[in-house]
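Reader: I'd like to go through the labels in this model and hear what backs each of them. Could you put the structure up before we start?

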Amino acid sequence: MPEVYRQLDDTLGALLARRKSHGRLRKLSNTPPNSVDFSSNGYLSLSTNPVVQKSLLARLAAEVSASENGNRSRGSRRQILGSGGSRLLDGNSLFAESLESKIAAFHGAEAALLFTSAYDANCGLLGCVPQVGDVIVYDELIHASVHDGMRMSRATKKIPFAHDSMSEASRRRCTGVGASRPARQSKNQGLDDVLRQISESEHVRSGRSNVFVCVEGLYSMDGDVVRLNEVVRSVDRHLPSGNGYIVVDEAHSVGVFGNDGRGLVCQLGLEDRVWARVLGFGKAMGCAGGVVLCSSTTRSYLINYARSLIYTTSMAFTSLASIDVVYSYLMDGGAGPLRQDLEKLIRYTHHQLSVLCVRLQVDRCTLHVQEAPSKSPIIPVFTAYPRSLAEHCQRSGFMVRPIVAPTVPAGSERVRICLHSTNTTGEVDGLCNAIGIWVQDRVAVGRDDESAEDHGVAEPQNVFGRVKPRL
Ligand SMILES: Cc1ncc(COP(=O)(O)O)c(C=O)c1O
């Protein structure tokens, strides 16, 4: 490396070292081949689904031969690998527009606008719609892409509200020895209180300021679902002038909830009460990309002002085709049996984990799960030693990942299990067995060998208490 760059590298190296000392160093990793996937977000296993894969290949082959046989000059052939530019310049296509119409109709929305990712969709939407004088109220656990959108936004106020005030997490208790998991201690007020206070301002009461309320359909860390009907009631109660606009990020709930996977908003019949939805295709849908479902006017506005749409190359035909193929699969009812398999597996896994906790009489610092069965394929296994547990499971052939602070609040560290419709009960048994062995090993060794220095896990505190537990 040239000497002139050394100084900057030293600075960056020092920042990385500091991050490492806090146990927060991120690294890229590969899933070992043949390990059982309990980690990825492809809940319906669509990206590995042979029917979907074959449809996509047939679609691409048809497009290539149409392009070759269409007597077109080389320069005017259909772009297959790329798109040719920004949507506003050369990156638009009739195919993209008809896909948007298909998606909007499927989800009962007036219009849809594709983005290259749900991250871009959130940034684009929140970055340009709220104006000076407006307020954004957001779930304190909302995804980073909403935060980044808010950073770009000109909204005058951005106010977090306590997650548990509108999520099913607050209604769950935990299984494990000892008391149930205390409710998460939030320093933020609940949504209802936040909206009541905001509505005291003359601008908001009169309807001159708009209030955007941002939630996720399914939260990917706890696997809990937003109580969307209550969000709607709260907005109606405090913003009767109609200036409350609910935004639901359905990145994790599309495909998983609702008829044929239409998502949570459709499941609850709230299409007309939610102002905008952001869907992600990178999770249950098994592809990549995102879309905003909104009114036609909002769509036109985004085309004019959303920087993450305007200043980037639009989706390649290969991406559009894969989204199209997956939607056709859902429309043909293909997701139904997959969801049934998944639901059975969710019940089975939760039951097996609960039985394991009871059988092992395990200290809740070491292991506990929520008492109420999960409604989603995301099942957190709470432990003060997430890295140790995850490493053990990985060595045993099961890919699960540790989730530590600051991704989740300190004291609620966990190993996250993500289920897929292609996982089997035998695989779940194998995972539970591995978890059981890990617990027994800890009991046998009778020591706590996971320290913040060695493994980068935040010292157990709050929920788990400052004193490290002994088994
Ligand atoms: C809730 C939520 N919204 C948005 C995104 C961004 O999705 P994408 O991967 O399509 O950018 C994610 C991704 O992790 C997410 O979890």
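Author: Sure, starting with accessibility: buried means under 20% relative accessible area, exposed means over 50%, and partly exposed is in between (1.4 Å probe, protein chains only). Keep in mind that this is a predicted model, where local features need pLDDT of at least 70, side-chain atom pairs count only at pLDDT 80 or more, and totals for chains, interfaces and linings use all residues. Residues are numbered from 1 along each chain as its sequence is written, and side-chain values use heavy atoms, with hydrogens and water left out.

Reader: Why is arginine 205 called partly exposed?

Author: Its relative accessibility is 48%. That value falls in between under 20% and over 50%, so partly exposed is the label.

Reader: And what makes arginine 208 exposed?

Author: Arginine 208 has a relative accessible area of 52%, and exposed begins over 50%.

Reader: How do you know that arginine 205 and glutamate 202 meet in a salt bridge?

Author: A salt bridge is a side-chain nitrogen of Lys or Arg within 4 Å of a carboxyl oxygen of Asp or Glu. Here the N to O distance is 3.1 Å, so the pair counts. Glutamate 202 also forms a salt bridge with arginine 208, with the closest N and O atoms 3.6 Å apart.

Reader: Why are arginine 205 and glutamate 202 separated by about one helical turn?

Author: Because they are 3 residues apart in helix H7, residues 202-205. Helices here are DSSP runs (H or I, at least four residues), numbered from the N terminus.

Reader: What makes the lysine 102 and aspartate 324 pair a salt bridge?

Author: Their closest N and O atoms are 2.6 Å apart, which is within 4 Å. Lysine 102 sits in helix H3 (residues 94-106) and aspartate 324 in helix H12 (residues 317-331), so the pair ties together parts 222 residues apart in sequence. Both residues also belong to a salt-bridge network with Arg59 and Glu63.

Reader: Why is aspartate 324 called buried, and lysine 102 partly exposed?

Author: Aspartate 324 has a relative accessible area of 10%, which is under 20%. Lysine 102 comes in at 21%, so it falls in the range between under 20% and over 50%.

Reader: How do you know that histidine 392 is buried?

Author: Its relative accessibility is 11%, under the 20% cut-off. Leaving aside neighbours within four places in sequence, histidine 392 is in contact (heavy atoms within 4.5 Å) with Ala434, Ile437, Trp438 and Asp441.

How values were computed:
Helix = DSSP H or I, 4+ residues; strand = E, 2+ residues; numbered from the N terminus.
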